[in-house]
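Me: Please choose one part of this structure and take me through it slowly, explaining each term when it first comes up.

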Amino acid sequence: MCKIIFVRVNEVVLNGNKENKVDFEMLGDMLNHCDDDMKKLMIMNGKTIRASDHVGAIRLANDTQIEILPKAGSIADSKTIMLNKLCTLGDLPYSSGEISESITKDELFIEFFVEMFIKECMIIIKRGLISEYRTIEENSNILRGRLMFAENIRKNFYHSEKFYVKHEEFTFDKAENRLMRSATEFFLKITSIYQNRIQLRHILRYLDGVSVSENYDDDFAKCMDLRNSKKYVNMLNICRMFMQNDVFQQYSDKNVIYALFCKLC
């Protein structure tokens, strides 16, 4: 079973004692190699690593997980405050009741967003993924659609077995679905809950034939007109939190599966 460490902002995360030696070295290596902005989020001083004023979550390559929470009463109180503020920052409509019901003592706050993402994806899948017809021009071995005579002569004068054609292709490979696939694969890497991994793989089966997003900014820009895809709004807002760095600063390397930090106002 993985080790989970809960601390509050401005508290000591790890001491470099024998018990924490491996964790300390992995986290220390991250702080030695990350950029200056990330270095400000945790402070390493000799044999001590201390959290700054940013909340966040870290998962090391040895499966040790660290959660940095705001200062409040209990761990559950801290998580509730944090998730409510993060939902506000991410423009997500989840109520305090939904948040409280989802919180467990030994589960990282990140799993709340994984579970909400899964929930939103299943709503979309049940209502139907959006699709479109796309115009394709290609040099094909099959005559389909409309033969482009001038281009066919130019390209296939010596290749009578080829046809330069234009045709319509039905596809689910739209920006919204590409972002969904990219986020699904991202959450598969960071969740530590077996049932979440099962459900995320189930979602990927529905996205077969949809490519991953190669440019998040471009694909998010294509999703601005959501009149015909309102069911995607919450899912896309969760994607923005983790894929556009609007809410979280992110880092990963050979020793760190993910590190996510956020300054709560």
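## A pair of packed helices

Reply: Helix H5 crosses helix H8 in a left-handed sense, meaning that the near helix is turned anticlockwise from the far one by less than a right angle, whereas a clockwise turn would be called right-handed. The model is a predicted one, in which local features need pLDDT of at least 70 and side-chain atom pairs count only at pLDDT 80 or more, while totals for chains, interfaces and linings use all residues. Residues are numbered from 1 along each chain as its sequence is written, and side-chain values use heavy atoms, with hydrogens and water left out.

Two packed helices are described by the angle between their axes and by the distance between those axes. Here H5 covers residues 110-127 and H8 covers residues 194-206, and the two pack at an angle of about 35 degrees with their axes 10 Å apart. The helices themselves are DSSP runs (H or I, at least four residues; strands are E, at least two), numbered from the N terminus, and the axes are lines fitted to C-alpha atoms over the stretch in contact, with angles from 0 to 180 degrees between N-to-C directions.

On the H5 side, the residues that meet H8 include Val-114, Phe-117, Ile-118 and Cys-121, and on the H8 side their partners include Leu-200, Ile-203 and Tyr-206, where contact means heavy atoms within 4.5 Å. By class, this contact has nine nonpolar, three polar and two charged residues, with Ala, Val, Leu, Ile, Met, Phe, Trp, Tyr, Cys and Pro counted as nonpolar, Asp, Glu, Lys and Arg as charged, and the others, Gly among them, as polar.

Phe-117 deserves a second look. Leaving aside its neighbours within four places in sequence, Phe-117 is in contact with Leu-200 of H8 and also with Met-180, Ala-183, Thr-184, Phe-187, Met-235, Ile-238 and Cys-239. Phe-117 is also among the residues with the most contacts inside the largest nonpolar core, which has 79 residues, and Phe-113, Met-180 and Phe-187 are others in that group. Such a core is a set of buried Ala, Val, Leu, Ile, Met, Phe, Trp, Tyr and Cys residues joined through side-chain atoms within 4.5 Å, and buried means under 20% relative accessible area, with exposed over 50% and partly exposed in between (1.4 Å probe, protein chains only). H5 supplies the largest share of this core, eleven residues.
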